[in-house]
Amino acid sequence: MTEMGDTLVSGILLFLHTARGEFRELSLKGKLVLLLLTLFTLLLVGVLVSLALTARSGIGIHVVGTTFALGLIMFLIRRVQVRLVESKVIPRRAGFPVFIFLAAVICSAVGGVASLILPDEAAHISSALIIGGCVLAAMGILWFEGYPQLRDRGTPGYITLAGFSIVLAITYMTAISRYIVPYDPFTINVGPLLSPPSSDFPLGTTQLGQDMLSRTIAGGAIMLQVAVLSVTICFSIGVTLGLIASYKGGVLDRIVSLLMDSIFAFPGLVLAIAIAAMLSPGVVNMALAIAVVYIPSYFRVIRSQVLTVKELPYVEAAIVMGARDRDILLRYVLPNVIPSAVVVMSINFADAVLTAAGLTFIGLGLPIDVADWGWDLTFGRTQLQFGAWWVITFPGIMIVLLALGFTLAGEGLNEILTPKLRE
Amino acid sequence: MSLRSYVISRILLTIPMLMFLLTLVFLILRVMPGDPALLHFEKNVDPEVLAEFKARLGLDKPLLQQYFDYLFGVFRGDFGLSMQDFQPVTKQILDRFPATLELTVWAMLFAVIIGVFLGIVSAKNYDTFKDNSIRIFGIVTYAIPVFFLGMILQLIFGTYLHWLPTGSQIDPRLQPPRVTGMVTIDSLLAGNFYAFVDAVRHLILPAVTLGTVLCGIFIRLTRTNMLETLRMDFVVAAEARGLSDQTITYRYALKNAFLPILTMIGLQFAALLAGAVLTETTFSWNGLGTYLVDRISRRDYTAIQGTVVFFGLLVMLVTLVVDILYAYLDPRIRL
Amino acid sequence: MGDLLSVRNLTVEYRTRRGVARALDNVSVSLPENTTLGLAGESGCGKSTLGRSIIRLVPYPGVIVGGEIIFSLRNDIEYDGQVIPKGEVDLVTLPEEAMRKLRGEEIAYIFQDPMTSLNPMITIADHFVELITTHNPEVTEEEALERAGEILDSLGILPERMTDYPHQFSGGMRQRVMIGLGLALRPRLLIADEPTTSLDVIVEAQILDEITQLKEKFNLTMILITHNLGVLAQHADNIAIIYAGRLMELADTETLFENPQHPYTKALLSAVPDVRKPEKKLAWIPGAPPDLTKPLEGCMYHPRCPMATDRCRVEQPPLVKSPSGGLVACHLY
């Protein structure tokens, strides 16, 4: 136990020492950027805390505090796990699963306790805390472990880092939105109708008297859910189909490729509209509509990669040695194919967000009584002629930020995983 | 292979794709919802009325027969009758299509010109502030929902500055007689200069909006292509012979990028149409996009089906033309 | 006959993410008129960079950070309404527009790979017409085409083939086209960067002979860049040996081969097979070329030099007159 403690302390000291050394090495520009980033983060945290303190739910600060604590604990678990793997206490392959297991345990514990304290809100509070905590832990791990690696890759590394950070930050805000909003996003007449940003309502109010700040904080929930769901469906089907069809080749490959090309040829939104128009409104249906549109993207990318890898000598050697198709696919082909799939995935996320917004704008896919950035744009449209710019600007900027975050992450990953131009 | 055999094989390839596409649309819009007629009335209808309704639209026949009627109808150019007003859908589509064509052509033109220009500037100033800002611009414009951008522009240029109109294609008082359906051309044909100017003024915001969202990909394509080409031996050799910067940029580097840009125009056509639907809605532009959205709100499933098929056919046609054009222009295939 | 070109203390750096690499470090060479200077050294030693610096086309991210390249102009340069009088000019500080005029007219550069040095999208005739009309806008297209035909004819290419595209020619023919383009405007200085490295041996010999003949015919001064000492033995008047961006030895050809001074030169020569001595053992130089982002304080060659002393580690040897009559940078002298 004391050994672990020692390792921990010396680890922290070493980290601080390296950090200080690195700080000295930074150019003036680097120091400036670091300063700005720190100030910006402090600002965000400050806003978060002030929101939490004045939240409608009354437990805002508790929720924020708990998520930070949870995130910190999971981060420390990760650090300990890494140390243990390094000092060979646990085998390398077991490292990550151990971390996941421990993280799951602690999350369930927190969730369980929270459900006991607030039984009426059980589902909401536990999901908010768990997701919030996980996102914070992810952010911590990203910066701590990812930063050194990404920094070596130069600009693309920073871009990836920025992209992921934006996405994580927005996810965090959305996850705990219920507990930090000053007003219920949907209740009408909490304030004067259509009033511009003021001290009472920092982002103004809608034509129905709803608070824009609350709506902006909470409006991303649907979009994120739809995005995650559709990408999961899309990825699973697209990658699997791609692997199987292109590996087997022959008639199967031809038919599936043709099918994929037909779908791919369609204007994405139009197809999504067609499907969504036929299904009843809802998160799952919207996710399905979007998923179908993007399956061909994965399929094509996977297919071109598989076709290349299939010809490689070591794959042929494996076949000659009698390896089963399944093994070859999983152990040889898949690892080669994953980088491209990951890049497509991030672009997919961005597209899913934008398509979801588009569908909502047309009026498809969502029930009306939900706070959603897309809805804000639709409803706010009629108010533009009165010069009420605040009803659409803030939700719109949030959509842009979210899509931008995914796009940046995808761009950065693309350059890192498939380097093109050399110096 | 020779150009001729390529064209023939390419056209032959289109046929199965076409079949897939038509079948897919049929499955989604006719088979999946169960009974589109019932859905139209939101399940709230007298059975007799429903029966008559279905008979009139040919929706009472067995499904397989409906499928073949549908296929033959498409080949004849007949997309059925609208649920809303029992008018031929084809006519309604063709009525609204020219407006969409006008918008999309100008938008694409804008996207390509701006995109290529910025791409060149970006490539020639590699790794400088100019380069990086242009790249950021390209990324950000991709992440903006087209309708959000449209609304912001409406706000700035319409509501605040009063420079440009924010909706529809032309002031109704100046509307020229309809010849092509494209208001700018019709104004010119009618010799009405004021109408033309007004039509152009109405066209600017929607075309710029749609074009801006699409230009990002052209910026990146041109930039990557130029960077690659500018580093190639024959470009440096040309520089060593003292050829001017202009010659090298256009005759050497850009010429190489021309074909990929052409292909990209074809590839982006689908995205263009999708964006057009949203742009038209934002700017109250009376085209196929607003038609589609309108029909959706009225649950006019036959019209929706016709429009979706039309969009699909359009994209296929454009892709085919671009592929053939590409084959024609690429000297390696031609010779 | 004075020097056509004089490079003085030229320093070129490549600014990469991994660090700043000194491709050339205080290099000085002189080029008397109508002579051929051979630049020899291992791959990456900086010889190409030197050639590219003279014509001021150092590839990104390279920058000329110091020194002068003095070129003696025979005519005034007119550009953008300004005039640079004939005489001696420093190519490093020359405005880009003036430099552009020089390229092709006064200084020509031939590249290594003829397969990729021509624009695949235009015909051979177009290459010439472009060149001629860019430098002489008054010339009409017909006149330019005529001129092009003449040049191609002298190279042994049938004028009818003028309308063909580069990919329809063989490697050797393409290189001849490159040479034709290089000499079309009668420049005074020709820089040939590994002109025959990608050609087979027989064509190589032909091309080199043709270049030498052209040099005689047009009174050219030439810089021949290659790692192949055998080629230089036949076609160069003086040879400069470059290692890790620094000049190691400079001497006339005969002296260099008969009486090499620098340990590196000696090592290079012993690595070249000699047809007359088939039993000669080929030597190799142990170690690897140094990392140019970390230039050494002393002599760059000392880690691999059998004669290295403590002094070599700390003090960079200056370029001094060698006993054989040339220049050498080594503490032995």
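Here are a few exercises on salt bridges in this predicted model, each with a worked solution.

**Exercise 1.** Find how many salt bridges there are over all chains.

*Solution.* Run the search on the whole structure, and you get 36 salt bridges.

**Exercise 2.** Take A:R215 and A:D376: work out how their side chains meet, which helices they sit in, and whether they are buried or exposed.

*Solution.*
1. Start with the N to O distance: it comes out at 2.6 Å, and the contact is a salt bridge.
2. Next, place the residues. A:R215 belongs to helix 8 (residues 212–218) of chain A, and A:D376 to helix 15 (residues 373–381) of chain A. They're 161 residues apart, so this pair links distant parts of the chain.
3. Finally, check accessibility: A:R215 and A:D376 are both buried.

**Exercise 3.** Do the same for A:D261 and A:R300: which helices do they link, and how accessible is each residue?

*Solution.*
1. The closest N and O atoms lie 3.3 Å apart, in a salt bridge.
2. A:D261 is in helix 10 (residues 250–265) of chain A, while A:R300 is in helix 12 (residues 283–310) of chain A, 39 residues apart.
3. A:D261 has a relative accessible area of 25%, so it counts as partly exposed. A:R300 is partly exposed too, at 38%.

**Exercise 4.** Over in chain B, classify B:R295 and B:D294 as buried or partly exposed.

*Solution.*
1. The two form a salt bridge, with the closest N and O atoms 3.5 Å apart.
2. B:R295 has a relative accessible area of 9%; buried means under 20%, so B:R295 is buried.
3. B:D294 comes in at 25%, which makes B:D294 partly exposed.

Notes:
Residues numbered from 1 in each chain as written. Chains lettered and ligands numbered in written order. Predicted model: local features only at pLDDT ≥ 70, side-chain atom pairs only at ≥ 80, totals over all residues. Heavy atoms only, no water. Salt bridge = Lys/Arg side-chain N within 4 Å of Asp/Glu carboxyl O. Helix = DSSP H or I, 4+ residues; strand = E, 2+ residues; numbered from the N terminus. Buried < 20%, exposed > 50% of the residue type's maximum accessible area, 1.4 Å probe, protein only.
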